[in-house]
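Pull up the model and give it a slow turn before reading on. We'll go from the whole chain down to single residues and back out again.

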Amino acid sequence: MKTDAPLKNDCLDAVQASPEVLSFLSQRRSTLVKLMQNPGPNEHELALILRLSARVPDHRKLSPWRFIVFQGQARADFGEHLAKKFACDCPDVEDARVDFERERFLRAPLVVGVVSSPVDCPRGTPKWEQELSAGAVCMNMLLAARASGFAAQWLTEWYAFDPEIERALDLAASERMAGFIYIGSCVEPLTERARPEVEKIIKYWSK
Ligand SMILES: Cc1cc2nc3c(=O)[nH]c(=O)nc-3n(C[C@H](O)[C@H](O)[C@H](O)COP(=O)(O)O)c2cc1C
């Protein structure tokens, strides 16, 4: 296994057929967060997952994304923000529902927030492209986590879109959450979900 970071201008293979990766992609699935348990990645595994996540197409090398890592007590601390905002928005809900919000980030041993952080680039890389690159980071993180032997799920839920939670996360006005990637372990087998009939969404263009 070769996971070292190549240096700038290092020579890389032009193409690299990998039946193992094709098999991996054919079986790839998210793991519902409710099935997750300990352990999560250790420090070394997390560093690799984050490095591989950032290895995405990025027009003009802007790195228009960043990470917020929630581990250990930080997950419970952030839950206080979620519970407070939820109770404020929905004052009539039962305490148990607010407790659920308080414990949202405790559902997995690790949660990584991926922030889409577009750079103002007049006449340069459109914001749309930069946001797509942030989506690619999230997808790479799912793949890197799973290839490291962990379960992962990409969630946004309500708090990815809430202005008050954005403030608690210290997002700049130009930034948005691309998602929260929950990462943990899972011992239960997964069942396949319905997939699109790809033939139906393909059109071969002709004049
Ligand atoms: C941007 C984005 C946000 C998502 N947010 C949620 C969410 O809030 N709640 C949810 O149940 N699934 C959400 N999903 C879907 C799951 O992450 C996942 O795609 C699905 O459960 C199973 O798909 P898979 O097995 O092909 O990965 C989201 C997916 C994407 C791409």
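What follows is a walk through the fold, its core, two helix pairs and the ligand site.

First, a word of caution: what you're looking at is a predicted model. The protein has 207 residues, and its C-alpha trace spans about 55 × 45 × 45 Å along the principal axes. Counting up the secondary structure gives six helices and four strands. If you trace them from the N terminus, they come in the order α-α-β-α-α-β-α-β-α-β. Now think about how the chain folds back on itself: of the contacts with a separation of 6 or more, 83% are between residues 24 or more positions apart. Buried residues make up 24% of the protein.

Let's head inside. In soluble globular proteins, nonpolar side chains tend to be buried together. Here the largest nonpolar core has 33 residues, and the members that touch the most others are Val-114, Met-141, Ala-152, Ile-181, Tyr-182 and Ile-183. Which elements supply this core with two or more residues each? On the helix side they are α2 (43–53), α3 (73–89) and α5 (127–147), and on the strand side β1 (65–71), β2 (110–116), β3 (151–155) and β4 (176–184). The top contributor is α5, with seven residues.

Met-141 is a good place to park your cursor. Apart from its neighbours within four places in sequence, Met-141 is in contact with Ile-49, Ser-53, Val-112, Val-114, Ala-152 and Ile-181. Follow the first of those partners and you land on Ile-49, in helix α2. Is Ile-49 buried or exposed? It counts as buried, because it has 27 C-beta neighbours inside 10 Å and 20 are enough for that label. Again setting aside neighbours within four places, Ile-49 is in contact with Pro-41, Met-141, Ala-144, Ala-145 and Ser-148. Compare that with Lys-61: this residue is twelve places from Ile-49 along the chain, yet their C-alpha atoms are separated by 20 Å.

Zoom out a little and those contacts become part of a helix pair. The axes of α2 and α5 are 8 Å apart, and the helices pack at an angle of about 140° in a right-handed crossing. From α2 come Ile-49, Leu-52 and Ser-53, which meet Val-137, Asn-140, Met-141, Ala-144 and Ala-145 of α5. By class, the contact has six nonpolar residues, two polar and no charged.

A second pair to look at is α3 with α4 (residues 95–102), whose axes come within 7 Å and cross at roughly 145°. Here, too, the crossing is right-handed. On the α3 side you'll find Gly-79, Glu-80, Leu-82, Ala-83, Phe-86 and Ala-87, while α4 brings Val-98, Glu-101 and Arg-102. This contact includes charged residues: there are three of them, along with five nonpolar and one polar.

Last stop, the ligand. Which residues surround it? They are Arg-29, Ser-30, Gln-153, Trp-154, Leu-155, Thr-156, Glu-157, Gly-179 and Arg-193. The largest share of this shell, three residues, comes from β3, a strand that also gives two or more residues to the core. Sorted by class, the shell has four polar, three charged and two nonpolar residues.

Notes:
Residues are numbered from 1 along each chain as its sequence is written. This is a predicted model: local features need pLDDT of at least 70, side-chain atom pairs count only at pLDDT 80 or more; totals for chains, interfaces and linings use all residues. A nonpolar core is a set of buried Ala, Val, Leu, Ile, Met, Phe, Trp, Tyr and Cys residues joined through C-beta atoms within 7 Å. A residue is buried if 20 or more other C-beta atoms lie within 10 Å of its own, exposed if 12 or fewer, and partly exposed in between; C-beta atoms are placed from the backbone. Two residues are in contact if their C-beta atoms, placed from the backbone, lie within 7 Å. A residue is near a molecule or strand if its C-beta atom, placed from the backbone, lies within 6 Å of it. Ala, Val, Leu, Ile, Met, Phe, Trp, Tyr, Cys and Pro count as nonpolar, Asp, Glu, Lys and Arg as charged, and the others, Gly among them, as polar. Axes are lines fitted to C-alpha atoms, for helices over the stretch in contact, and angles run from 0 to 180 degrees between N-to-C directions. A crossing is left-handed if the near helix is turned anticlockwise from the far one by less than a right angle, and right-handed if clockwise.
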